[in-house]
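Hi,

Here is the structure I promised to pass on. Have a look at it first, and then read on for what turned up.

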Amino acid sequence: MTTFDNREKEFEARFKHDQEFRFKVTARRNRLLGLWAGGQLGLSGEAAQTYAKSVVDAEFAPGGDRHVVDKIAADFTAKGLPLSAAQVRFALDRFAEEAKKQLMAE
């Protein structure tokens, strides 16, 4: 095996690891966001967990993050709570940082 082959395998392994980490961060971020939003909507216990799962699942719909933001903003609007899409995006960024910290600490 040549040095080039070794580098290629290392690059592929690094790429795979980075993609898996990014996926885990996104899933954890959405779960944290869903738990926070569920609490703001007055949900607790199993209802909050179910809501958080629905937020995680929203990432897989066409639109990804945009769909997550739209879902939460619509849920707040339906409850008559003031929360803009910009505020949801801000919370999304905050929870992304928290998710990275949590995963790196594991």
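A word on naming before anything else: helices here are DSSP runs of H or I with at least four residues, numbered from the N terminus. With that in hand, S54 can be placed in helix α2, which covers residues 45-58. Please keep in mind that this is a predicted model.

Let me start with the whole chain. What does the chain hold in the way of helices and strands? There are four helices and zero strands, and reading along the sequence gives you α-α-α-α.

As for overall shape, the C-alpha trace spans about 65 × 25 × 20 Å along its principal axes. The radius of gyration is 17 Å, while a compact globule of 106 residues would come in near 13 Å. Buried residues account for 30% of the 106 residues. The surface exposed by the chain is about 7100 Å², and 57% of that is supplied by carbon and sulfur atoms. If you take the contacts between residues at least 6 apart in sequence, 59% of them join residues at least 24 apart.

Now for a pair of helices. Helix α1 takes up residues 3-40 and helix α3 residues 65-78. How do α1 and α3 run relative to each other, roughly parallel or roughly antiparallel? The two pack at an angle of about 10°, with axes 11 Å apart. Angles under 35 degrees count as roughly parallel, so α1 and α3 are roughly parallel to each other. On the α1 side the contact is made by R29, N30, L33, A37 and Q40, and on the α3 side by D65, V68, I72 and F76. Sorted by class, that contact has five nonpolar, two polar and two charged residues.

Three single residues are worth a click while you have the model open.

W36 sits in helix α1. Is W36 buried or partly exposed? Its relative accessibility is 23%, and buried would need under 20%, so W36 counts as partly exposed. Leaving aside residues up to four places away in sequence, W36 touches L83, A91, R94 and F95. You can also check W36 against V88: they are 52 residues apart along the chain, and their C-alpha atoms are separated by 11 Å.

Back to S54 in helix α2. S54 has a relative accessible area of 25%, so this residue is partly exposed. R94, one of the residues that W36 touches, is 40 residues away from S54 along the chain, with 19 Å between the C-alpha atoms of S54 and R94.

Finally, A74 belongs to helix α3. A74 has 43% relative accessibility and therefore counts as partly exposed. A74 and S84 are ten residues apart in sequence, and C-alpha to C-alpha they are 9.3 Å apart in space.

Over to you!

Technical notes:
Residues are numbered from 1 along each chain as its sequence is written. This is a predicted model: local features need pLDDT of at least 70, side-chain atom pairs count only at pLDDT 80 or more; totals for chains, interfaces and linings use all residues. Side-chain values use heavy atoms; hydrogens and water are left out. Axes are lines fitted to C-alpha atoms, for helices over the stretch in contact, and angles run from 0 to 180 degrees between N-to-C directions. Angles under 35 degrees count as roughly parallel, over 145 as roughly antiparallel, 65 to 115 as roughly perpendicular and the rest as oblique. Contact means heavy atoms within 4.5 Å. Ala, Val, Leu, Ile, Met, Phe, Trp, Tyr, Cys and Pro count as nonpolar, Asp, Glu, Lys and Arg as charged, and the others, Gly among them, as polar. The radius of gyration is taken over C-alpha atoms; the globule rule is 2.2 Å times the number of residues to the power 0.38. Buried means under 20% relative accessible area, exposed over 50%, partly exposed in between (1.4 Å probe, protein chains only). Accessible areas come from the Shrake-Rupley method with a 1.4 Å probe; for residues, only the protein chains shown count as cover.
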